[in-house]
Amino acid sequence: MDSDITPTGIEVSNSEQILEIDWSDGHHSEYALFGLRKNCPCVMCRGGHGNMNTFEMELFFVEPTQYFEIKDIKQIGNHAIKIFWSDGHDNGMYQWETLREMCPCEKCYPEQG
Ligand SMILES: [Zn+2]
Ligand SMILES: [Zn+2]
């Protein structure tokens, strides 16, 4: 992906359990918090460095078995955000590229449903 595509807006709705991102190329992403938390890119959650870039996209579409809230989001430099989850986990650095790759919309992930 083009590395100068960046978010122009990030919005969290804990009540709707989604995080929305508007991108500088006009794309719009909506992530179910459950899928986003379960796909946390940190080493601990991915189970080792070898799995760093494998995501389980189906987790964005399953019925959540756990309720997660986002307490805070911090931008890391120009390339990532850190998400502070209600379960106390805050190791995950979600890079723009990763987030865009994870986009579960019909265009980016046509296999959904
Ligand atoms: Zn993690
Ligand atoms: Zn998309």
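The structure holds 4 aromatic pairs, where rings of Phe, Tyr and Trp (its six-membered ring) pair if their centres lie within 6.5 Å, and planes under 30 degrees apart count as stacked, over 60 as edge-to-face and the rest as tilted. This is a predicted model, in which local features need pLDDT of at least 70 and side-chain atom pairs count only at pLDDT 80 or more, while totals for chains, interfaces and linings use all residues. Residues are numbered from 1 along each chain as its sequence is written, chains are lettered from A and ligands numbered from 1 in the order in which they are written, and side-chain values use heavy atoms, with hydrogens and water left out.

**Aromatic contacts**

The ring centres of tyrosine 31 and phenylalanine 60 are 6.0 Å apart with planes at 55°, so this pair is tilted. Tyrosine 31 belongs to strand β3 and phenylalanine 60 to the loop between α2 (43-46) and β4, 29 residues apart; helices (H or I, at least four residues) and strands (E, at least two) are DSSP runs, numbered from the N terminus. Tyrosine 31 is buried at 0% relative accessibility, and phenylalanine 60 is buried at 8%. Here buried means under 20% relative accessible area, exposed over 50%, and partly exposed in between (1.4 Å probe, protein chains only).

Phenylalanine 61 and tyrosine 109 have ring centres 5.6 Å apart and planes at 10°, so they are stacked. Phenylalanine 61 lies in the loop between α2 and β4 and tyrosine 109 in the segment after α3, so the pair ties together parts 48 residues apart in sequence. Phenylalanine 61 is partly exposed at 33%, whereas tyrosine 109 is buried at 16%.

Phe34, Phe68 and Trp85 form one aromatic cluster. The charged end of arginine 100 sits over the ring of tryptophan 23, 5.3 Å from its centre; this requires NZ of Lys or CZ of Arg within 6 Å of the ring centre and within 35 degrees of the ring normal.

**Zinc sites**

Donors are N, O and S atoms within 2.8 Å of the metal (3.2 Å for Na, K and Ca); water is not among the atoms, so sites may look incomplete. Four donors count as tetrahedral if all angles lie between 85 and 135 degrees.

| Zinc ion | Donors | Distances | Angles, site |
|---|---|---|---|
| ligand 1 | Cys40 (SG), Cys42 (SG), Cys45 (SG), His89 (NE2) | 2.1 to 2.3 Å | 101 to 118°, tetrahedral |
| ligand 2 | His27 (NE2), Cys103 (SG), Cys105 (SG), Cys108 (SG) | 2.0 to 2.3 Å | 100 to 118°, tetrahedral |

The donor spacing is C-x1-C-x2-C-x43-H for ligand 1 and H-x75-C-x1-C-x2-C for ligand 2. Histidine 27 lies in the loop between β2 (18-23) and β3 (28-32) and cysteine 103 in the segment after α3 (96-101), so the pair ties together parts 76 residues apart in sequence. Histidine 27 is buried at 12%, as is cysteine 103 at 0%. At the ligand 1 site, cysteine 42 is buried at 8% and cysteine 45 is partly exposed at 27%.

**Sheet**

An open sheet of 3 strands has the order β4-β5-β6 with antiparallel pairing; two strands pair if DSSP finds at least two bridges between them. β4 (70-76) and β6 (93-95) stand at the edges with a single partner strand each, so one side of each has no neighbour in the sheet. β4 is joined to β5 (residues 80-85) by 6 bridges, and β5 to β6 by 3 bridges. Isoleucine 76 stands opposite alanine 80, and isoleucine 70 opposite tryptophan 85. In β6, glutamine 95 is the bridge partner of alanine 80. The hairpin of β4 and β5 has 3 residues between the strands, and glycine 77 in the turn has a positive phi of about 55°. In β5, 5 of the 6 residues are buried, so this strand is largely enclosed by the rest of the structure.

Notes:
Four donors count as tetrahedral if all angles lie between 85 and 135 degrees; four count as square planar and six as octahedral if opposite donors are over 155 degrees apart and all others between 65 and 115; anything else is irregular.
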